Amino acid sequence: MKRVTAVIKPFKLDDVRESLADLGITGMTVTEVKGFGRQKGHTELYRGAEYNVDFLPKVKLEIVLSDDQVDRCIEAIVESAGSGKIGDGKIFVTPVERVIRIRTGEENDEAI
């Protein structure tokens with residue numbers, strides 16, 4: 001099993017969710033986060049004063065999948081969240097040792 005963590009632009013969330021639902025992937029955790037990479041924020045004007053916005057709003061998706069679903073999941077995220085411009089986001093894939101569904105006690109693939 002793997003955990004796919006994707007950090008994307010907030011307005012791309014619905015497109016990504018629909019793409020994943022088309023693959024049968026419906027379970028995910030979504031968190032509103034802030035951060036920056038190479039784009040390093042931007043400058044905004046508020047009431048006549050300039051100030052730097054260092055952390056940009058992003059959305060973090062966390063999805064736990066069986067190994068055979070990971071590549072299709074990544075492809076769907078890249079296609080639906082990508083614009084080819086800086087700030088599109090990142091995808092991280094990490095191993096998951098164990099999953100337990102609290103309600104039933106099911107473990108691993110049965111718990112996903």
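What is the relative accessibility of M28, and does that make the residue buried, exposed or partly exposed? M28 comes out at 23% relative accessibility, so it counts as partly exposed. Buried would need a value under 20%. Keep in mind throughout that this is a predicted model.

## M28 and its surroundings

M28 sits in the loop between α1 and β2. Setting aside residues within four places in sequence, M28 is in contact with R17, L20, L61, E62 and I63. Take R17 from that list: R17 and M28 are 11 residues apart along the chain, and their C-alpha atoms are separated by 9.0 Å.

L20 is worth a look from the other side. Not counting residues up to four places away in sequence, L20 touches M28 along with I25, I63, C73, A76 and I77.

## The nonpolar core

L20 also turns up in the largest nonpolar core, a set of 15 residues. It is listed there with I8, V16, I63, L65, C73 and I77 as the residues with the most contacts inside the core. Four elements give two or more residues each: β1 (2-8), α1 (13-22), β5 (56-65) and α2 (70-81). Which of them gives the largest share? That would be α2, with five residues.

## The second largest pocket

Now for some empty space. The second largest pocket holds about 180 Å³. Its lining includes M28 again, as well as the run of G24, I25, T26 and G27 just before it and T29 just after. The rest of the lining is E62, I63, V64, L65, Q69 and I112.

Which element gives the most to this lining? β5 does, with four residues. By type, the lining residues split into six nonpolar, five polar and one charged. I63 and L65 do double duty here: they belong to the pocket lining, and they are also among the residues with the most contacts inside the largest nonpolar core.

## S66, just past β5

Head into the loop between β5 and α2 and you find S66. With a relative accessibility of 17%, S66 counts as buried. Its side chain makes a polar contact of 2.5 Å with the side chain of D68.

Apart from neighbours within four places in sequence, S66 is in contact with M1, D109 and I112. I112 is also one of the residues lining the second largest pocket.

## D88 and the loop after α2

D88 lies in the loop between α2 and β6. Is this aspartate buried or exposed? Its relative accessible area is 15%, so D88 is buried.

Two polar pairings involve the side chain of D88. One is a polar contact of 2.7 Å with the side chain of S83. In the other, a polar atom of the D88 side chain lies 2.9 Å from the backbone nitrogen of G84. Leaving out residues within four places in sequence, D88 is in contact with V7, I8, K9, A81, G82 and S83. Of these, I8 is one of the residues with the most contacts inside the largest nonpolar core.

## G35 and F36

G35 is in strand β2, while F36 is found in the loop between β2 (29-35) and β3 (42-46). G35 counts as buried at 17% relative accessibility; F36, at 45%, counts as partly exposed.

D54 features for both residues. G35 touches D54, F55 and L56, not counting residues up to four places away in sequence. F36 and D54 are 18 residues apart in sequence and 7.1 Å apart in space, C-alpha to C-alpha. For a longer span, try G35 and V78: they are 43 residues apart along the chain, with 19 Å separating their C-alpha atoms.

## F92 and N108

F92 belongs to strand β6 and, at 43% relative accessibility, counts as partly exposed. What does F92 touch, beyond residues up to four places away in sequence? The list is R3, V4, T5 and V7. P10 is 82 residues from F92 along the chain, and the C-alpha atoms of the pair are separated by 17 Å.

N108 lies in the segment after β6 (89-95). Although N108 is not a glycine, its phi is positive, at about 55 degrees. N108 has a relative accessible area of 28%, which makes it partly exposed.

How values were computed
Residues numbered from 1 in each chain as written. Predicted model: local features only at pLDDT ≥ 70, side-chain atom pairs only at ≥ 80, totals over all residues. Heavy atoms only, no water. Core = buried A, V, L, I, M, F, W, Y, C linked by side-chain atoms within 4.5 Å. Buried < 20%, exposed > 50% of the residue type's maximum accessible area, 1.4 Å probe, protein only. Contact = heavy atoms within 4.5 Å. 1 Å grid on protein atoms, 1.4 Å probe; cavity = no way out; pocket = protein on both sides within 12 Å on 5 of 7 lines; lining within 4 Å. Points joined across faces, edges and corners; volume = space filled by probe spheres on them. Nonpolar A, V, L, I, M, F, W, Y, C, P; charged D, E, K, R; others polar. Polar contact = N/O pair within 3.5 Å; in protein donor to acceptor, adjacent residues only side chain to side chain.
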